[in-house]
Number of protein chains: 2
Amino acid sequence: MVAMQSTETRYTKPVLVATNKLMGDESGLEPLRNHALFNTLSDSDLQNLILQSRRLRLGHHQLLYRQDMPAHHFFFVMSGRLRLYRLDSSGIDRTLDSIAPGDCFAEVMIYADPARYACYAEALKSSEVLMIPVKAYQDMLNKNPEYAPAALRHYAQRAVSRFHDLEIMTVQNARDRLIRYLIDLLPNGAAEGGEVELPLPKCLVASRLAMQPETFSRILADLKANGLVRVNRSKLFISDPKRLIEISQ
Amino acid sequence: MVAMQSTETRYTKPVLVATNKLMGDESGLEPLRNHALFNTLSDSDLQNLILQSRRLRLGHHQLLYRQDMPAHHFFFVMSGRLRLYRLDSSGIDRTLDSIAPGDCFAEVMIYADPARYACYAEALKSSEVLMIPVKAYQDMLNKNPEYAPAALRHYAQRAVSRFHDLEIMTVQNARDRLIRYLIDLLPNGAAEGGEVELPLPKCLVASRLAMQPETFSRILADLKANGLVRVNRSKLFISDPKRLIEISQ
DNA sequence: CTAACAAATTGACCTAAATCAATAGTTTTC
DNA sequence: GAAAACTATTGATTTAGGTCAATTTGTTAG
């Protein structure tokens, strides 16, 4: 599916309308504590941030924000899964990232200038996100400079990981890009094999890797035929990642 | 040229050996003041940082650091031009970025963990860089939390720009990737035409855009034939960027 | 449970881009 | 200033992967 129907027209629900205002209710927000942007905060600062945030429920395929929209919030994923993508002038949908529970996204908007979302964000399935006002986090950081190092570490890490994503995309053939993508999904890198779950439907992994779904399917079928991966729906078992790397040359 | 000769063997000069120790001599270091990571520093803090840094002269094609090397320094380019690239197991050289005077690079190493360079860095021509100890900047930031916001803004900006680079690379055909790359080189985006200078030799722009030099050459020849760009060595004149964008679909 | 829809796979075909090869320019170097 | 060494261009050929179309499989809704 090259030119998906534009997301603009697929959904009618309004974007960025909060459903639940949080009244200091922290239930289900423990995962925040495990995120680099929040784990150094004092209880009261975290509480205060949460009080200024809203919990958002998103349905399957629901759009959260649009590219170029003014960005007043960033997001923490509590459950479900989302993807970031861009639409170009010809309506082609290009997937750039997928976001899992425990991750933040659009958090660069805290310091971006101008603060406009660089892409679309939509739920891949029914999801719950915390919608945190950029200004609330900024204010907190201004009042508590001791929180800055954690944020700096997070941003540096983000930049490194985008750099790494870019590196994969300079690989010139589709098969090798896919192999590198799969290796990166393995928890211990190429050290040992294991099962990985594709973070996106196959047609969107294809989009992320700049190839057609048919190409993705054929490459995977070929790897399967050569005993390099075992495929079960979106779960792939990679027994020998080193062998996979060897053939990708 | 797909498989360049490995940089490992091309040069014999030692890596990361400073030639000039700075003795508080700030001559030629004014450009530091224009960089987001330094322009909020007090004179004395900047001076102190410079005292702990070394000025490095690099010859044409000289290697500055290697991928995976422990990273104790980051760099500010005073003159010349450098490129960042990675080598994969089969020795293919993939260009990821080019750095101009006034830019910093490897500055994410200030907060990376583990702090190892993510790529190679080499001078594209005779260049001069300031080699700043990561620890010196860290210490300064710890002592002066008021400097953190500028660093945060810089890192956020860096993450956004890497994201944008990634976006270009999800474009599936070579011609459109090249067109988008050229548009991004224009100072005012697509707003108006102008002359742009390729920041890398053509064969390395090709590498950066995941295509072969021959493909790059042919696409450019075609754009030229259609009156979309005028080419003069590494300088390109784009009269009508909007028309260029239109055909890239 | 079945209809309707969406996602994935597979085949046939074709085109964009890689590869191989030769030539022509450009810089360095001596 | 000529030789050597890159760098870029152009042509011929091949191939990876895109496109179009049909089928299968899986998912959602009634």
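Copies are superposed by least squares on the C-alpha atoms of residues with pLDDT of at least 70 in both. On that basis, a rotation of 180 degrees with 0.0 Å of shift along its axis brings chain B onto chain A, at RMSD 0.0 Å. The two copies are thus related as by a two-fold rotation axis. This is a predicted model, in which local features need pLDDT of at least 70 and side-chain atom pairs count only at pLDDT 80 or more, while totals for chains, interfaces and linings use all residues; side-chain values use heavy atoms, with hydrogens and water left out. Residues are numbered from 1 along each chain as its sequence is written, and chains are lettered from A and ligands numbered from 1 in the order in which they are written.

**Relation of the two chains**

- Among the residues of chain B, A159(B) comes closest to the rotation axis, with its C-alpha at 2.2 Å.
- Of the contact residues of chain B (contact means heavy atoms within 4.5 Å), 100% recur in chain A, and the same surface serves both copies.

**Surface near DNA strand C**

- DNA strand C is surrounded by 19 residues, where near means that a heavy atom of the residue lies within 4 Å of the strand.
- The closest of these residues are R218(A), A174(B), T215(B), R218(B) and R233(B).
- Sugar or phosphate accounts for 76% of the atoms of DNA strand C within 4 Å of the protein, and bases for the rest.
- The surface residues divide into eight nonpolar, five polar and six charged; Ala, Val, Leu, Ile, Met, Phe, Trp, Tyr, Cys and Pro count as nonpolar, Asp, Glu, Lys and Arg as charged, and the others, Gly among them, as polar.

**Atom pairs with DNA strand C**

- A phosphate oxygen of the strand is 2.2 Å from a polar side-chain atom of T215(B).
- For Q212(B), an N or O atom of the side chain is 3.1 Å from a phosphate oxygen of the strand.
- R218(B) has a side-chain N or O atom 2.8 Å from a base oxygen of the strand.
- Two or more residues each come from α6 (202–208) and α7 (213–225) of chain A and from α7 (213–225) of chain B; helices are DSSP runs (H or I, at least four residues), numbered from the N terminus.
- α7(A) gives the largest share of this surface, four residues.

**Packing of α4(A) and α5(A)**

- Helix α4 (residues 148–169) and helix α5 (residues 174–185) of chain A pack at about 150 degrees, with axes 9 Å apart; axes are lines fitted to C-alpha atoms over the stretch in contact, and angles run from 0 to 180 degrees between N-to-C directions.
- α4(A) and α5(A) are therefore roughly antiparallel to each other, a term for angles over 145 degrees.
- H164(A), E167(A), I168(A) and M169(A) of α4(A) meet R177(A), R180(A), Y181(A) and D184(A) of α5(A).
- The residues of this contact divide into three nonpolar, one polar and four charged.

Notes:
Polar contact = N/O pair within 3.5 Å; in protein donor to acceptor, adjacent residues only side chain to side chain. Parallel < 35°, antiparallel > 145°, perpendicular 65-115°, else oblique.
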